[in-house]
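Reader: Please show me the model, and then let us go through its charged pairs and its core.

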Amino acid sequence: MGRGRERWIKHYSSAQEILLVGEGDFSFSACLARAFGSAPKIVATSLESQGSLRAKHRSCLSHLSELKRRGCLVLHDVDVYEIDLHPALQWRKFDVIIFNFPHAGHFPWLRERNLQLIQMHKNLLKAFFKNARGMLMEGGEVHVATRDDYPYNRWNVEELAEEAGLVLMEKVWFKKSDYPGYQNKRGGDIKSNKTFRLRNCFTFKFALQQYEYDYTCDEMSDCSDDFI
């Protein structure tokens, strides 16, 4: 393979400027970097400080080392609510902004079906969409991977995106096996390093309204749910 040849993994290309938001142990961004061979166009961010991240996700160490070696910019303490104001991000634009399995946190007294927690998830996504839309290049996309069964479908992801001026371009199955080495982590402060079941999961692809187009997903017929 030629040195300057564009490389792809699923929806993502080495030629794209990519921002990853809310990374867990950075295994997803490391997967992309590994597939591309180098990662100078990738920015991977985490809400956690570097110290907190290492305490919660011991597996992050090898991924962070790989990302650094491949030229990825890694940022810690990046809050979705203020991501567009971060000094390293406020002037940058991206082809794709990815938020895999957003979650507002785990609390002993709240279940996922609890209305209070559902509203917290919605507030998180609402802020993300509002800030992400201003960080897109012309023709750029915002990708959100999440479950689409109860109670997660009560987050109304499409409606929240539309409120921010984004429209759904396509909705495709999210298959963990498409991303070798990726481990989805719970995060938060309760069993943070554990994975969670990926069932009825999709990647929702949004774009600014003027770039909406019709698309028929032919992947849907040959994909099945992922289980861990």
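Author: K205 counts as buried at 7% relative accessibility, where buried means under 20% relative accessible area, exposed over 50% and partly exposed in between (1.4 Å probe, protein chains only). This is a predicted model, in which local features need pLDDT of at least 70 and side-chain atom pairs count only at pLDDT 80 or more, while totals for chains, interfaces and linings use all residues. Residues are numbered from 1 along each chain as its sequence is written, and side-chain values use heavy atoms, leaving out hydrogens and water.

Reader: Which side chain meets K205 in a salt bridge?

Author: A salt bridge is a side-chain nitrogen of Lys or Arg within 4 Å of a carboxyl oxygen of Asp or Glu. The partner is buried, with a relative accessible area of 9%. At 3.3 Å, N to O, the side chain that meets K205 is that of E170.

Reader: Which residues are joined into one network by salt bridges that share partners?

Author: K41 and E17 meet in a salt bridge of 3.3 Å, N to O. K41 is partly exposed at 32% relative accessibility, whereas E17 is buried at 16%. The network joins E17, K41 and R92.

Reader: Which element gives the largest share of the largest nonpolar core?

Author: Such a core is a set of buried Ala, Val, Leu, Ile, Met, Phe, Trp, Tyr and Cys residues joined through side-chain atoms within 4.5 Å. This one has 33 residues, and L19, L89, I97, F128, F129 and V142 touch the most other members. The largest share, six residues, comes from α4.

Methods. Helix = DSSP H or I, 4+ residues; strand = E, 2+ residues; numbered from the N terminus.
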